[in-house]
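Thanks for making time this morning. I would like to walk you through one metal site and the ligand beside it, so please have the sequence and the structure open while I talk.

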Amino acid sequence: MDIKVIDGDITDVECDALVLPHWEGEEACEGALAAADKALDGAVSRLVVQGEIKGKKNEVTVIHSPPGLAAARVAVVGLGKRDEADVDGVREAAAVALRVLRGKGVRSVASAALGIGLDDITAASSAQAMAEGALLGLYTFRRHITKEAEHGDIDVLTIVADAAGDISLMEEAVRRGVVLAEAANLARDMANEPGNFMTPVDMARVAAEVARDCGLEITVIEREKIEEMGMGALLGVAQGSREAPKLIVLRYDGGGGGGVKLALVGKGVTFDSGGISIKPSNKMEEMKTDMAGGASVIAAMGAIARLGLKINVLGVVPAVENLPGGAAFKPGDVLTAMSGKTIEIITTDAEGRLILADALGYAVKEGAESVIDVATLTGACCVALGDTVTGVFTNDDALAERIAAAGKTAGERMWRMPMPPEYEEQLKSDVADLKNVGGRWGGAITAAQFLAEFVGDTPWAHLDIAGPSLAAKARGFVVKGATGVPVRTLVNLVISASD
Ligand code: BES
Ligand code: ZN
Ligand code: ZN
């Protein structure tokens, strides 16, 4: 989709549909909607008075063949109450309005910059949110569907600036929004891909494509070298599968010399059957998305490079498949991680923390000043926070605040979780340094505490995305399936760190 910003009179713009905003509970149309209402001889304000247009969040009312306008339709989108509005609402409204219009066969859309005039919504932040909302909300994954889609695509979105909007600032903001949303959509593509199309070698291939297209350095570390490095935890998980493990390492050196400021580490289990501790078959197919953390790291690295941020960032993705079989690791086995710590396996289904133990160890060894890992780590985190909120576990208060701020900007919910030291006892083993699981309660926390054993004193945060990585239905700019969480949060965080 081509997203443009123009300066002009909205009533003159030729397109299949014009998107105009209305606030909840307000009788008067304002801005571009007022101009359209005038051209329409008051048809919009009559619908407001009659109560059809209420302006409720994400309500879309379509008026066909409006006389007096160059557009073929007008879609009035509700932004909710003015005093409750934020840029997140703009992202959602753009997504919902465009999805409704796509369903009606619309191919070209022009829109006012939604939500401008509020304290924290500038013309530029509105334009960025609209670009993100459009690309995220219209996302589909049809690679394996041979039947043609019922709807075509919207190919053009023209944002019409009002007098106060600085076109070049808005264009710059659109570009940023496009990079962010395309990165999230790449992570969605990877996670939606069936497990037989997204094996560890496929993840490495996609990472190489991203590296080539965006200007990153890539090294894919193969089994032999992984063995040499002594990554016994990662190898233990991989040994039950015919698919060879890959340790994907991406480097972005935008900082001009110096060491690694930040490492992003993502769980890349391309299918998690549970291994010998096999999962129940109900919903097991969803475990093709157990590499969503790794996908988000690869995609975020690409976006960081595309934006040319002035910072050095390392991306590390351990990619493996967790399967049962004659060669698989077993409950009771003891694995030795690269750090030298030994781990007693209680369940082979707690495999994410094992591959992360070695990947985190690698990032720390590379001298990363701080480390963030992203993983679909525990069902317990879904129990704690549900399916829209990411659990944040960290040993660093400042990092917690930066992640919260980056998540807020992205419209991705983050919630910090505690790591009470008394729970650490649950990980004590009689035969090794650690067990790979704790008891029944606080499972997301003990999983994080297990990871903490492998980062030492390095400032570190762990994002458990087991809930929000997958959506059961469309909502705002989220569509059913893989969500691309937390790609935009990660990139926002790096933007703020590089400013
Ligand atoms: N990949 C799963 C976690 C998961 C569960 C992600 C549901 C998305 C949705 C992880 O490897 C796992 O199996 N965790 C176990 C840990 C347990 C055995 C301690 C879990 O959460 O049940
Ligand atoms: Zn598992
Ligand atoms: Zn898993």
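What follows is a description of two zinc ions and of ligand 1 in a predicted model.

Let me begin with the zinc ion that is ligand 3, which is coordinated by K267 through NZ, by D272 and D290 through OD, and by E351 through OE, at 2.0 to 2.4 Å. In sequence, these donor residues follow the spacing K-x4-D-x17-D-x60-E. The arrangement around this zinc ion is octahedral, because its six donor atoms subtend angles of 78 to 174°, and for six donors that label requires opposite donors to be over 155 degrees apart and all others to lie between 65 and 115.

The zinc ion that is ligand 2 has as its protein donors D272 (OD), D349 (O), D349 (OD) and E351 (OE), lying 2.0 to 2.2 Å from the ion, and along the chain the spacing reads D-x76-D-x1-E. Here, too, there are six donor atoms, but with angles of 71 to 166° among them the site is classed as irregular.

How far apart are the zinc ion (ligand 3) and the zinc ion (ligand 2), and which residue coordinates both? The two ions are 3.2 Å apart, and D272 is the bridging residue.

Two of the donors deserve a word on exposure. E351 counts as buried, because its relative accessibility is 1% and the cut-off for that label is under 20%. D349, by contrast, has a relative accessible area of 24%, so this residue is classed as partly exposed.

That brings me to ligand 1, which sits in the largest pocket and is surrounded by 15 residues, the closest being K279, D290, D349, E351 and G379. As for polar side-chain atoms, one of D349 lies 2.7 Å from an oxygen atom of ligand 1, one of D290 lies 2.9 Å from a nitrogen atom of the ligand, and one of K267 lies 3.2 Å from an oxygen atom of the ligand. Taken alone, ligand 1 exposes 510 Å², of which the protein buries 73%.

To tie the two parts together, D290 is a donor to the zinc ion (ligand 3) and is also listed among the residues closest to ligand 1, while D349 is a donor to the zinc ion (ligand 2) and appears in that list as well.

Notes
Residues are numbered from 1 along each chain as its sequence is written. Chains are lettered from A and ligands numbered from 1 in the order in which they are written. This is a predicted model: local features need pLDDT of at least 70, side-chain atom pairs count only at pLDDT 80 or more; totals for chains, interfaces and linings use all residues. Side-chain values use heavy atoms; hydrogens and water are left out. Donors are N, O and S atoms within 2.8 Å of the metal (3.2 Å for Na, K and Ca); water is not among the atoms, so sites may look incomplete. Four donors count as tetrahedral if all angles lie between 85 and 135 degrees; four count as square planar and six as octahedral if opposite donors are over 155 degrees apart and all others between 65 and 115; anything else is irregular. Buried means under 20% relative accessible area, exposed over 50%, partly exposed in between (1.4 Å probe, protein chains only). A residue is near a molecule or strand if one of its heavy atoms lies within 4 Å of it. A polar contact is a pair of N or O atoms within 3.5 Å; within protein, one must be able to donate a hydrogen and the other to accept it, and residues adjacent in sequence count only if both atoms are side-chain atoms. Accessible areas come from the Shrake-Rupley method with a 1.4 Å probe; for residues, only the protein chains shown count as cover. On a 1 Å grid over the protein atoms alone, a cavity is a set of points where a 1.4 Å probe fits but cannot get out, and a pocket is an open set with protein on both sides within 12 Å along at least five of seven lines; lining residues have an atom within 4 Å of a point. A molecule sits in a cavity or pocket if more than half of its atoms lie within 2 Å of its grid points.
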